Structure formats: C-alpha cells, structure tokens
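Please work through the following exercises with the sequence and the model open beside you, and try each task before reading its solution.

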Number of protein chains: 2
Amino acid sequence: MRLTDIIAEYILQMLELADDGEAELRRNELAEELGCVPSQINYVITSRFTPEQGYIVESKRGGGGYIRIRRVKLERGVSPLMHIVNAVGDDISPVTAQAIIENLEAQKLISENAAKVMLSALSDQAYRDIPMEIRDRLRASLLKQMLAALIT
Amino acid sequence: MRLTDIIAEYILQMLELADDGEAELRRNELAEELGCVPSQINYVITSRFTPEQGYIVESKRGGGGYIRIRRVKLERGVSPLMHIVNAVGDDISPVTAQAIIENLEAQKLISENAAKVMLSALSDQAYRDIPMEIRDRLRASLLKQMLAALIT
DNA sequence: CATTCAAAAGTCAGGAATGGTCAAGGTCAA
DNA sequence: TTGACCTTGACCATTCCTGACTTTTGAATG
C-alpha cells in the first residue's frame with residue numbers, strides 16, 4: 001500500500017472519530033508516526049482533501065502550529081447542484097470531475113446510479129475518438145449539462 | 001498463436017479466477033511477463049474489452065497505477081441493457097438515442113433520474129465544441145459506456 | 001520594545017513509477 | 001493485392017515521494 005493511501009486513511013479515521021467533524025494534526029508529528037517526510041502530508045492534503053472533495057483546510061505555522069481539516073456540508077437549501085454548475089469552468093480534468101461526482105454522491109445529493117452514469121460519461125474511456133485538446137472542454141460541458149438535468 | 005490472443009486469454013483467466021468479476025493488473029508487469037511491449041496491452045483492451053463485449057475498464061497512472069477490468073455481462077442470460085449496447089452501432093443520431101432512453105425508462109429498466117442524466121449527455125446541446133462529423137460516434141460511445149455502467 | 005531564535009508549516013523542483021497515445025510498418029486471409 | 005488486424009517504439013501525462021530551501025509565528029532575550 002502506498003504511503004499516500006496510508007496517510008489519507010489515517011486522516012479519514014481522525015475525521016470519523018472526531019465528534020465535531022474536524023481533524024487537527026501536527027504535520028511533523030504525523031509524518032514521524034507514519035514514517036514519511038513532512039511534505040508528503042502536504043501532498044496528500046492537496047491531492048485528496050480538496051474543496052471538490054468536500055474539505056476545507058486551515059493551518060498555522062510556527063510554535064503551536066497545526067493543520068486542521070474539516071468536512072464541509074454542501075448547502076442543501078439553495079440548489080447545491082446549481083452552485084457547482086456555475087462554479088465549473090470551460091475545462092475540467094477527469095480527476096476533478098470524478099471528485100465532484102463522488103462528493104455529491106457521498107453527500108447523498110445524487111443517487112448511486114446517477115453517479116455511476118455520470119462517472120462513466122466523464123471518463124476519458126468514452127472519448128476515444130475525441131482529440132485530446134478538446135476532451136476537457138467536452139467533459140465540462142457534459143458535467144454541467146448532466147447536473148442541470150437533475151435540478152428539478 | 002498471436003500475442004493479442006495470449007494477452008486476452010490471460011486477462012480472461014484473471015477474470016474467471018476473481019470472485020468479484022474484477023481483474024486488476026499492472027501494465028508493465030503483465031507486458032514483461034507475456035513478452036510484449038506495454039502498449040500492446042492497451043491495444044488488446046481497446047479492441048477486446050469494450051462495453052460492447054460487456055467490460056468496463058478503469059485505470060490510473062503514476063506510482064501505484066493499475067488497469068482494472070470489470071465484467072458486467074452475466075454469463076448466462078444477457079441483461080436487457082446489454083442487448084441495447086450490442087444493438088447500437090458506431091454511430092447514433094440524437095433522435096434514436098433519445099428514443100432508446102425513453103423506451104428503457106418506460107420499461108422501468110432505468111430510473112427517471114438516470115434517464116434524465118443520459119438524455120442530457122446524449123443531446124447535441126452538450127457537444128458544442130465537437131465537430132459535427134464525430135458527434136454521432138461520440139454519442140454512441142457515451143450511450144454504450146453509460147449503459148454498461150448500469151449493469152450489475 | 002525590538003531583536004533574535006527555534007519550531008512549526010509551505011513551496012517547489014526533480015526523480016521514479018506508473019499508464020496513454022499515435023503513427024508507422026508488418027502479417028495474413030479473402 | 002488489399003484491407004483489417006496486429007506489433008512496435010518513441011514520446012507524453014499523471015501520480016507519488018523526497019529533500020532543500022522558504023515563510024510564519026510565538027517566545028526568549030537584551
């Protein structure tokens with residue numbers, strides 16, 4: 001198992017155990033405990049605990065420093081899907097698109113089946129005949145179109 | 001025996017041995033073991049493990065990368081969705097695609113939400129940047145990919 | 001106070017370990 | 001002979017991991 005997975009799993013565990021949905025850690029300490037260099041913690045956080053995946057991260061340097069990771073709930077009141085549609089630009093990478101869909105599913109804003117369908121439509125697997133240069137544009141277009149279709 | 005056959009056979013074997021219908025492999029490793037260049041693995045996968053043939057494929061690059069092949073077609077008794085996947089050719093018009101989805105929904109083979117999502121993904125509305133000449137190919141590819149994702 | 005120091009966390013570039021794409025050429029059966 | 005299928009290799013893209021260097025912060029010191 002990769003270091004990255006171990007670290008991510010550890011943080012997820014912390015989030016689950018915390019009653020306030022907040023995990024606070026000390027970077028050097030955690031790196032020591034998990035046997036990696038400190039900057040690897042940053043790598044994991046920036047690659048797996050992104051806003052698209054539903055997390056926000058705060059930190060402080062210096063004495064008494066920390067890294068705090070919070071799972072954020074999408075606002076259910078004002079059509080969170082619309083919010084995403086508006087936030088997505090003209091391009092989107094496969095990884096980012098996937099993160100958005102998985103987050104929506106985790107928050108139960110879309111069904112498992114809808115997630116499956118969308119994931120398959122956003123994967124490069126379906127774009128064999130499409131030139132590389134326009135795949136990310138197509139993906140963004142499809143994502144927005146599909147999400148819009150789900151807004152009542 | 002052709003290399004392609006050897007590779008395909010090997011993967012099929014892996015799928016049979018797997019209890020979850022899923023085979024995960026490392027491209028370079030397999031290429032080494034079977035004595036071919038790595039890209040030949042891609043050729044085999046794109047030519048023989050397609051949605052039409054009842055497979056869906058995911059992969060990840062980079063450290064700890066993999067190729068995962070999942071069999072969605074049931075051994076005996078083909079899923080009704082699989083019939084459609086096989087019946088659709090390399091091209092499909094917007095009207096025909098729409099009719100297929102509406103029919104599946106009417107027969108309660110897919111949910112209303114899944115139908116909505118698929119309809120939006122199959123409409124030309126989402127293909128603004130795609131040259132006219134390849135839209136129907138893209139549509140067919142997406143249709144098959146999405147339907148396959150819904151099986152099992 | 002202002003300065004200095006130590007203890008955090010952040011950034012970045014590079015290397016290694018993967019898989020992906022494409023175009024050119026080879027093989028073979030019809 | 002020709003067209004479909006196969007094979008190869010050069011080049012590209014992504015993900016992970018590390019370490020050197022930078023920045024920020026609070027506390028000790030003068």
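A polar contact is a pair of N or O atoms within 3.5 Å, where within protein one atom must be able to donate a hydrogen and the other to accept it, and where residues adjacent in sequence count only if both atoms are side-chain atoms. The structure is a predicted model, and the exercises should be read with that in mind.

**Exercise 1. The interface between the chains**

Task: Describe how chain A and chain B touch, going from the extent of the interface to its polar pairs and then to the elements on the side of chain A.

Solution. Step one is the extent: 23 residues of chain A are in contact with 28 residues of chain B, and the area buried between the two chains is about 2,300 Å², with carbon and sulfur atoms giving 65% of that area.

Step two turns to the polar pairs. Between chain A and chain B there are 5 residue pairs in polar contact, both residues being at pLDDT 80 or more, and the count of salt bridges between these chains is 2. One of them joins the side chains of A:Arg137 and B:Asp129, with 2.8 Å from N to O.

Step three assigns the side of chain A that touches chain B to its elements. Helix H6 (112-122) and helix H7 (132-150) of chain A are the elements that give two or more residues to this side, and H7(A) provides the largest share, 9 residues. By residue class, the side of chain A that touches chain B consists of 13 nonpolar, 5 polar and 5 charged residues.

**Exercise 2. The largest nonpolar core**

Task: Find which residues touch the most other members of the largest nonpolar core, and then trace which elements supply that core.

Solution. Begin with the members: the largest nonpolar core holds 58 residues, and of these A:Leu142 and B:Leu142 touch the most other members. Next come the elements, for in each chain helix H4 (80-87), helix H5 (94-106), H6 and H7 each supply at least two residues of this core. H7(B) gives the most to the core, with 9 residues.

Now look around A:Leu142 itself. Leaving aside neighbours within four places in sequence, A:Leu142 is in contact with A:Ala121, A:Leu122 and A:Tyr127, and also with B:Ala121, B:Ala126, B:Tyr127 and B:Leu142. Apart from this core lies another, of 18 residues, including B:Ala8, B:Leu15, B:Ala23 and B:Leu30.

The last step follows helix H6 of chain A. The buried residues of H6(A) are A:Ala114, A:Ala115, A:Val117, A:Met118, A:Ser120, A:Ala121 and A:Leu122, and they pack against H5 and H7 of chain A as well as H6 and H7 of chain B.

**Exercise 3. Salt bridges within a chain**

Task: For the salt bridge of A:Asp90, that of A:Lys116 and that of B:Asp124, state the partner and the N to O distance, and then place each pair in its chain.

Solution. A search of the whole structure finds 23 salt bridges over all chains. In one of them A:Asp90 pairs with A:Lys144, the closest N and O atoms being 4.0 Å apart. This pair links distant parts of the chain, since A:Asp90 lies in the loop between H4 and H5 of chain A while A:Lys144 lies in helix H7 of chain A, 54 residues apart. A:Asp90 is exposed because its relative accessible area of 57% is over the 50% cut-off.

The side chains of A:Lys116 and A:Glu112 meet at 3.8 Å, N to O. Because they are 4 residues apart in helix H6 of chain A, about one helical turn separates them. A:Lys116 is partly exposed, with a relative accessible area of 26%.

The side chains of B:Asp124 and B:Arg135 meet at 3.3 Å, N to O. B:Asp124 is in the loop between H6 and H7 of chain B and B:Arg135 is in helix H7 of chain B, 11 residues apart. B:Asp124 is partly exposed at 28% relative accessible area, whereas B:Arg135 counts as buried at 13%.

**Exercise 4. A residue in a loop**

Task: Decide whether A:Thr50 is buried or exposed.

Solution. First locate A:Thr50 in the loop between helix H3 (38-48) and strand S2 (55-60) of chain A. Its relative accessible area is 15%, and the cut-off for buried is under 20%, so A:Thr50 is buried. Not counting residues up to four places away in sequence, A:Thr50 touches A:Ile45 and A:Tyr55.

Note on methods: Residues are numbered from 1 along each chain as its sequence is written. Chains are lettered from A and ligands numbered from 1 in the order in which they are written. This is a predicted model: local features need pLDDT of at least 70, side-chain atom pairs count only at pLDDT 80 or more; totals for chains, interfaces and linings use all residues. Side-chain values use heavy atoms; hydrogens and water are left out. Contact means heavy atoms within 4.5 Å. Buried area is the accessible area (1.4 Å probe) that two parts lose on being put together, summed over both. Ala, Val, Leu, Ile, Met, Phe, Trp, Tyr, Cys and Pro count as nonpolar, Asp, Glu, Lys and Arg as charged, and the others, Gly among them, as polar. A nonpolar core is a set of buried Ala, Val, Leu, Ile, Met, Phe, Trp, Tyr and Cys residues joined through side-chain atoms within 4.5 Å. Buried means under 20% relative accessible area, exposed over 50%, partly exposed in between (1.4 Å probe, protein chains only).
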